[in-house]
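Student: Could you pick one spot in this model and take a close look at it with me? I'd like the overall picture as background, and then a walk from that spot to other places along the chain.

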Amino acid sequence: MKKFDTLNRLIDGGVVAVVRADSKEQGAKIAEACVQGGIKAIELTFTVPHADQVIAFLKDTIPSEKLIIGAGTVLDAVTARIAILNGAEYIVSPSFDLETAKLCNRYQIPYMSGCETIKEIITAMEAGVDIVKLFPGSAFGPCYVKAVKGPLPQCNIMPTGGVSIDNAAEWIKAGCVAIGVGGDLTAPAKNGDYAGVTAKAKEYVDAVRSARGGK
């Protein structure tokens, strides 16, 4: 049941913060700033130095009710296993990898793999991928989601890449269960402005809530 609980929390929150950083210290600060802004799902990418340590640190220091920690840019099953052992509750890849899907299924960890075409999406779904990561979202746009949902209404889609505060609502209204946000959200951190990251996080949370009909 843990897998379904994680998926429900991810979908309920609606925003996954994709955290990339130049150091583990910066990565941790960005993640904490996002959580303070109301984003509960953090995708700590394995491009961050010592990403496994950052995942473990966040898992140990932020209450579980405020954080769903995941690992991103996971290219193989070995990396996925390292992430899971350090506390990752879900795994995200830029493309589909069958061995990673099998490993995540074995340990009941949600696997969100990057897909572009209908064939890739169906292959991922058949392997147990519960949320398909449309990547890069900038190459398609919300209208592509509507097209995919025609023949595949059961497909859960989360775009990453090209998502901004200006189009966040469009993605949700097109049928996406969540949005993955990286550069636009974390940009203030480049200048050490973590309060700016928190402010951005609040904007995204509010945008998704409003797009879903909330206040």
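Tutor: Before we count anything, a word on terms: helices are DSSP runs of H or I with at least four residues, strands are E runs of at least two, and the numbering starts at the N terminus. On that basis the protein chain has ten helices and eight strands. Keep in mind that this is a predicted model.

Let's do the background first. The C-alpha trace spans about 45 × 40 × 30 Å along its principal axes. A compact globule of 215 residues would have a radius of gyration near 17 Å, and the chain comes in at 16 Å, which agrees. Of those 215 residues, 51% count as buried. Take the contacts with a separation of 6 or more: residues 24 or more positions apart account for 57% of them. As for the outside, the chain exposes about 9,500 Å², with carbon and sulfur atoms supplying 53% of that area. The charges come to 23 positive and 23 negative side chains, and the centres of the two sets lie 4 Å apart.

Now for the spot itself: I'd pick Pro 142. You'll find Pro 142 in helix H7, which covers residues 142–149. Is Pro 142 buried or exposed? Its relative accessibility is 18%, and because the cut-off for buried is under 20%, Pro 142 counts as buried. Next, look at what it packs against. Setting aside neighbours within four places in sequence, Pro 142 is in contact with Glu 170, Trp 171 and Ala 174. Take Trp 171: 29 residues separate it from Pro 142 in sequence, yet the two C-alpha atoms are 5.1 Å apart in space.

Step back from H7 and you reach another proline. Pro 136 sits in the loop between strand E6 (132–134) and H7. The peptide bond from Phe 135 to Pro 136 is cis, and omega is near -5 degrees.

While we're on backbone geometry, two other loops deserve a look. His 50 isn't a glycine, but its phi is positive, about 55 degrees. The loop that holds His 50 runs between strand E2 (41–45) and helix H3 (51–61). With a relative accessible area of 48%, His 50 is partly exposed. Thr 73, not a glycine either, has a positive phi of about 55 degrees. Thr 73 is in the loop between strand E3 (68–72) and helix H4 (77–85). Unlike a partly exposed residue, Thr 73 counts as buried, at 19% relative accessibility.

Follow that loop into H4 and you get to Ala 77. Ala 77 is buried too, with a relative accessible area of 17%. Which residues does Ala 77 touch, not counting those up to four places away in sequence? They are Asp 97, Glu 99, Thr 100 and Leu 103. For a sense of distance, set Ala 77 against Val 205: they are 128 residues apart in sequence, and 31 Å apart from C-alpha to C-alpha.

Two more places are worth a visit. Lys 2 is in helix H1, residues 2–13, and is exposed, with a relative accessible area of 53%. Its C-alpha is separated by 9.1 Å from that of Glu 89, which is 87 residues away along the chain. Asp 193 lies in the loop between helix H9 (183–186) and helix H10 (194–211), and at 37% relative accessible area Asp 193 is partly exposed. Between the C-alpha atoms of Asp 193 and Val 54 there are 20 Å, with their positions 139 residues apart along the chain.

Last, the cysteines. A disulfide is a covalent bond between the sulfur atoms of two cysteines. How many disulfides does the model have? The count comes to zero, and the distances tell you why. The cut-off is a pair of cysteine sulfur atoms within 2.5 Å. For Cys 104, the closest cysteine sulfur is in Cys 115, 14 Å away, which is too far for a bond. For Cys 155, the closest one is again in Cys 115, at 8.0 Å, also too far. Cys 104 is buried at 0% relative accessibility, and Cys 155 is buried with a relative accessible area of 0%.

Methods: Residues are numbered from 1 along each chain as its sequence is written. This is a predicted model: local features need pLDDT of at least 70, side-chain atom pairs count only at pLDDT 80 or more; totals for chains, interfaces and linings use all residues. Side-chain values use heavy atoms; hydrogens and water are left out. The radius of gyration is taken over C-alpha atoms; the globule rule is 2.2 Å times the number of residues to the power 0.38. Buried means under 20% relative accessible area, exposed over 50%, partly exposed in between (1.4 Å probe, protein chains only). Contact means heavy atoms within 4.5 Å. Accessible areas come from the Shrake-Rupley method with a 1.4 Å probe; for residues, only the protein chains shown count as cover. Lys and Arg count as positive and Asp and Glu as negative; His and the chain ends are not counted. The place of a charge is taken as NZ of Lys, CZ of Arg, CG of Asp or CD of Glu.
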